[in-house]
Amino acid sequence: MTQLGWAELQFGVTTVFHYFFVPVTIGLSFLIAIMETVYVRTKDTVYRDMAKFWGHLFLINFAVGVVTGLLQEFQFGLDWANYSKYVGDIFGAPLAIEALAAFFLESTFIGAWTFGWDRLSARAHAVTIWLVALGTTLSAFWILTANAWMQEPVGYALHNGQAVMTSFSAVLANPQLWVEFPHTELAALLSGAFFMMAISSYQLLRKKNVTAFARSFKISTIVAVITSVLVIFVGDSQAAHLVQAQPMKLAAAESLWNTSSVHAPWSVVAVIDAKNHTDPFQIQIPELLTILAYKKLSGRIQGINQVQSQMVHQYGPGNYIPPVAITFYSFRIMIFAGTAMLLLAYYALYLFRKNRFLERRVFLKIMSWSIALPYLANSMGWIMTEVGRQPWVVYGLQLTKDGVSPLASVPSLDIELSLLAFSLFYGAIAYAAVHLWKKVIGRGLDADPERIKDPSDVDSLFLGTGGDAAG
Amino acid sequence: MALRELWFVLVGVLTTGYFILEGFDYGVGMLHPWLNHTDTERRASLSSIAPIWAANEVWLVAAGGALFAAFPNWYATMFSGFYLALILVLLGLIVRGVGMEFRSQDRRRGWRGLWDWLIFSGSLVVTIIWGMAFSNLLRGVPINRHMIYVGTFGTLFNGFSLWGALTFVLLFIVHGGGYLAIKGDAYSRKMGRLVESKMIWPATGAMVVWFIWMDHLPSSQGHVGDLAIILQGVVVLGLLMARLAGYLTKYRWAFAFNSLSIAATIIAIFRILFPRVMVSSLNAAWNLTINNTASTAYTLGIMSVTAIVILPIIIGYQSWLYWTFRRPVNDQEMKY
């Protein structure tokens, strides 16, 4: 593999890993803020204990998100120096603003929240978690401002071989941003909700702290019911936006090799032969793609071959086709996972009446396994949007291969070594995080060992929880 | 153009904030397994920085972001050039940060011991690399006419950079000791005071040697003005005043003087660099300067408004955080 290939793999692996943790951080911070607000209003301590329990899981998640986020900011300079030089004038600004306006807020108030239970009034303490939640959302907004610009560059001019900003308001008004940000934010809220629904289900299944987890289940189900519908609506307009903004990505996501008739069907599954530009086998729903793309009953979707020849005409010779199978299937998996979450959330809502969900053991079991769905949907969504943009790093402006760091500074071996190190470290951290999650979940709301002064008591609490495997 | 100078100063301010705040965090981390032997001692020591370390580390993220936005060519050349070194910084920060959060959540001895050593190693590696990196910015590294670093990882190892690393390690150990001296539990306070009083002499000595060496580097000729000399004097004087304050048991003053020394160190480095940001050892004409690395006036203008509005707010709420957790650690409320 070439230096470029290793750099791409490093970016993909570390970004997907980082993004395992981010959406749950965003979603859980709001859910915890809601619980704590209810506690402040009603003085019902069960809500406080719930906030603490979810807060504990949240903090483990947050720590991994923060430290892996450091690499995200630095690796543009590390692996993509030519990209950084080319776009720094316009791409660096939202990243810097993210640090100043959002990340400071999150990191400062998460410290106050975690350690401030005894030092702040109940009201002030609840405000700190709302500020964390606000910080996570602002953070998402600014990062997506940067990403939206890579998808759809606006408000820039080319000057001495660099893209420079000419209109900050155009960067903020980027139409891509205003479909991408709501979709991502809603997906994050849905992820947090499913994380909570799944773990609550597991606890209800084993009859642990039933009052608290039934309440957690209900709160998160309500959030999931609202966000799972909205995320699909916004996602739909995001895909429809591709018709004019990135026709190649849309064609690849549909594995549509040639421009469709005015009644384009939607492929549920397809066998893709990228070499010969055909799909030997497909299962299709008639008319659906046209309806999704145009919201009316007739309209053509451009095919890969046609967009390719337009791009050759516009940008000169080259292959402008992204990896079609990856784009197609990541898009499908995201959609199926999102739909599954929608159905589960509504079924859970249906079971609210007389708390019937407490007795549906099969349902609770399915729900506890459904924790995988948001992770699947989030990763696949990013893979679809980033792989589908290839071979561009900035759509229509810079090819990915022109953005990588110079070989003289960063030989392939350096990237291979760092990728190896990150894989080992990230693997170990994921293992440790899951280990701690299991511990915290196993304990439920009972006896918080931090409150136990005598170390021997702590020992007796922990001895049962599982050998020395992770030592 | 004044905006470039302003952003050079702002990058300097963010870097200074980072080293004042994370300097003692790294110091506490480097001292961690050596000072503290029982588990209670270790938890108490980590608890002293628990509520604030994440808030401190954001200063690095902000400095990195500001560098990218304001001086993209500096950001790109330095990060790709110092590739493996910065990967080590990241790995160090990762294990250290995760270690802080994860260590005390499992009772098993092996688990805690592992994270203890990772917190130590992470803090040490990060400190060493920053010392080397700043030394090499001043000393010069092979950068060609296209702003491309053409050296290797090995290029970063030289007498001056290794001495810089040693100086940073000693300085942060003193700063960490000074922090524990006011914020630790009873045991940590005692040990912090001991460390500060003993280590301040080698730290001062290393600093003096490093500054003399710095001022005589070929790359520094013509760049060491009166202000740089005064700042270096402030560093040494600050350390001596810290020792005096410690001797008089005014530990808060000692901490303030240590902070002053760290600030003056970073400002002196930036002062000597200015208007260069990375020195080319191949040809002075190929130096990276604020002029050939900066973003456009438009972008710098937008960023300036943002920073000038937001920075005071950040300083405000971070001060509130420190105020809220101003009391030293006591055994009843250890969270780490």
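1. At what angle do the axes of helix H2 (residues 45–79) of chain A and helix H3 (residues 81–115) of chain A cross? The two axes cross at roughly 160° and come within 10 Å, where axes are lines fitted to C-alpha atoms, for helices over the stretch in contact, and angles run from 0 to 180 degrees between N-to-C directions. H2(A) and H3(A) are therefore roughly antiparallel to each other, given that angles under 35 degrees count as roughly parallel, over 145 as roughly antiparallel, 65 to 115 as roughly perpendicular and the rest as oblique. Helices (H or I, at least four residues) and strands (E, at least two) are DSSP runs, numbered from the N terminus.

2. This is a predicted model, in which local features need pLDDT of at least 70 and side-chain atom pairs count only at pLDDT 80 or more, while totals for chains, interfaces and linings use all residues. Residues are numbered from 1 along each chain as its sequence is written, and chains are lettered from A and ligands numbered from 1 in the order in which they are written.

3. To return to the first helix pair, H2(A) passes H3(A) in a left-handed crossing (left-handed if the near helix is turned anticlockwise from the far one by less than a right angle, and right-handed if clockwise). On the H2(A) side, Leu59(A), Phe62(A), Glu73(A), Phe76(A) and Gly77(A) meet residues of H3(A) that include Ala81(A), Tyr83(A), Leu95(A) and Ile110(A), where two residues are in contact if their C-beta atoms, placed from the backbone, lie within 7 Å. The residues of this contact divide into 7 nonpolar, 3 polar and 1 charged; Ala, Val, Leu, Ile, Met, Phe, Trp, Tyr, Cys and Pro count as nonpolar, Asp, Glu, Lys and Arg as charged, and the others, Gly among them, as polar.

4. H2(A) also packs with helix H7 (residues 210–245) of chain A, and here the axes come within 10 Å and cross at roughly 70°. H2(A) and H7(A) are therefore roughly perpendicular to each other. Val46(A), Asp49(A) and Met50(A) in H2(A) meet Thr211(A), Ala212(A), Arg215(A) and Ser216(A) in H7(A), and the residues of this contact divide into 3 nonpolar, 2 polar and 2 charged.

5. The domain assignment of chain A gives domain 1 (3–246 + 322–465) and domain 2 (247–321), with the caveat that such bounds come from an automatic or database domain assignment. The C-alpha centres of the two domains lie 31 Å apart, and their contact takes 16 residues from domain 1 of chain A and 17 residues from domain 2 of chain A. H7 and helix H11 (324–350) of chain A each supply at least two residues of the domain 1 side, which by class has 11 nonpolar, 3 polar and 2 charged residues.

6. In chain A, strand E3 (residues 266–273) and strand E4 (residues 278–285) run antiparallel and are joined by 6 bridges, where two strands pair if DSSP finds at least two bridges between them. Val271(A) stands opposite Phe281(A) in E4(A), and Asp273(A) has Thr278(A) as its bridge partner in E4(A). The hairpin has 4 residues between the strands, and in this hairpin His277(A) takes a positive phi near 55°.

7. Some backbone geometry deserves a check, since most residues other than glycine have a negative phi, and most peptide bonds are trans. Lys207(A), in the loop between helix H6 (175–205) and H7 of chain A, has a positive phi near 55°. The peptide bond from Gln390(A) to Pro391(A) is cis, with omega near 5°, and Pro391(A) is placed in the loop between helix H13 (372–387) and strand E5 (392–394) of chain A. In chain B, the peptide bond from Phe274(B) to Pro275(B) is cis, with omega near 0°, and Pro275(B) lies in the loop between helix H10 (251–273) and strand E1 (276–278).

8. Between the chains, 60 residues of chain B are in contact with 65 residues of chain A. Helices H3 (53–70), H4 (72–81), H5 (83–102), H6 (109–139) and H12 (297–324) of chain B each supply at least two residues of the chain B side, and the largest share, 13 residues, comes from H5(B). The residues of that side divide into 39 nonpolar, 15 polar and 6 charged.

9. Two of these chain B helices, H3(B) and H12(B), pack at an angle of about 175°, with their axes 12 Å apart, and are therefore roughly antiparallel to each other. The residues of their contact divide into 6 nonpolar, 2 polar and no charged.
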